[in-house]
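Here's a quick tour of one protein model, from its surface to its cysteines. Have a look at the picture, then read on.

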Amino acid sequence: MLGVPMQQIPQCAGCNQHILDKFILKVLDRHWHSSCLKCADCQMQLADRCFSRAGSVYCKEDFFKRFGTKCTACQQGIPPTQVVRKAQDFVYHLHCFACIICNRQLATGD
């Protein structure tokens, strides 16, 4: 950039290179190239929306898998888009909602 000292050009939090692009993303008070802002888990490029925890950024799906509701049976995260079964205050993946004796998958009302 003409006439701008290099120390005034922001550095990307992802690649540590100066950002000379037309657009600069600012997330968690850090600057990013649009191509460098990626989910910490799946590495999918984040364009519209991202979620953060402890300085890392995530896509919606991975954020809720990691920090959202956990399945009572397998203790894995349940994304908000996934269909679940509930029994009292417990939440299960559909495939985890099964009889503990015979392992038969249970349906609503069983």
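Of the 110 residues in this protein, 22% count as buried. Keep in mind that you're looking at a predicted model. The accessible surface adds up to about 8,000 Å², and carbon and sulfur atoms own 51% of that.

What about the overall build? There is 1 helix, along with 6 strands. Walk along the chain from the N terminus and you meet them in the order β-β-β-β-α-β-β. The protein's radius of gyration is 21 Å, well over the 13 Å that the globule rule gives for 110 residues, so the protein is more spread out than a compact globule. You can see it in the C-alpha trace too, which spans about 75 × 20 × 20 Å along its principal axes. As for contacts between residues at least 6 apart in sequence, 6% of them join residues at least 24 apart.

Now the charges: 13 side chains are positive and 8 are negative, with the centres of the two sets 0 Å apart.

Last stop, the cysteines. A disulfide is a covalent bond between the sulfur atoms of two cysteines. How many disulfides does the structure hold? The count is 0. Here are two cysteines that are in no disulfide, each with its nearest cysteine sulfur:

| Cysteine | Nearest cysteine sulfur | Distance |
|---|---|---|
| Cys-42 | Cys-39 | 3.7 Å |
| Cys-96 | Cys-71 | 3.8 Å |

Why are these two left unpaired? A disulfide needs the sulfur atoms within 2.5 Å, and Cys-42 has its nearest cysteine sulfur 3.7 Å away, while for Cys-96 that distance is 3.8 Å. Cys-42 counts as partly exposed because its relative accessibility is 40%. Cys-96, with a relative accessible area of 17%, is buried.

How values were computed: Residues numbered from 1 in each chain as written. Predicted model: local features only at pLDDT ≥ 70, side-chain atom pairs only at ≥ 80, totals over all residues. Heavy atoms only, no water. Buried < 20%, exposed > 50% of the residue type's maximum accessible area, 1.4 Å probe, protein only. Helix = DSSP H or I, 4+ residues; strand = E, 2+ residues; numbered from the N terminus. Rg over C-alpha atoms; globule rule 2.2 N^0.38 Å. Contact = heavy atoms within 4.5 Å. Areas by Shrake-Rupley, 256 points an atom, 1.4 Å probe, with all protein chains shown as cover. Lys, Arg positive; Asp, Glu negative; His and termini not counted. Charge placed at Lys NZ, Arg CZ, Asp CG, Glu CD.
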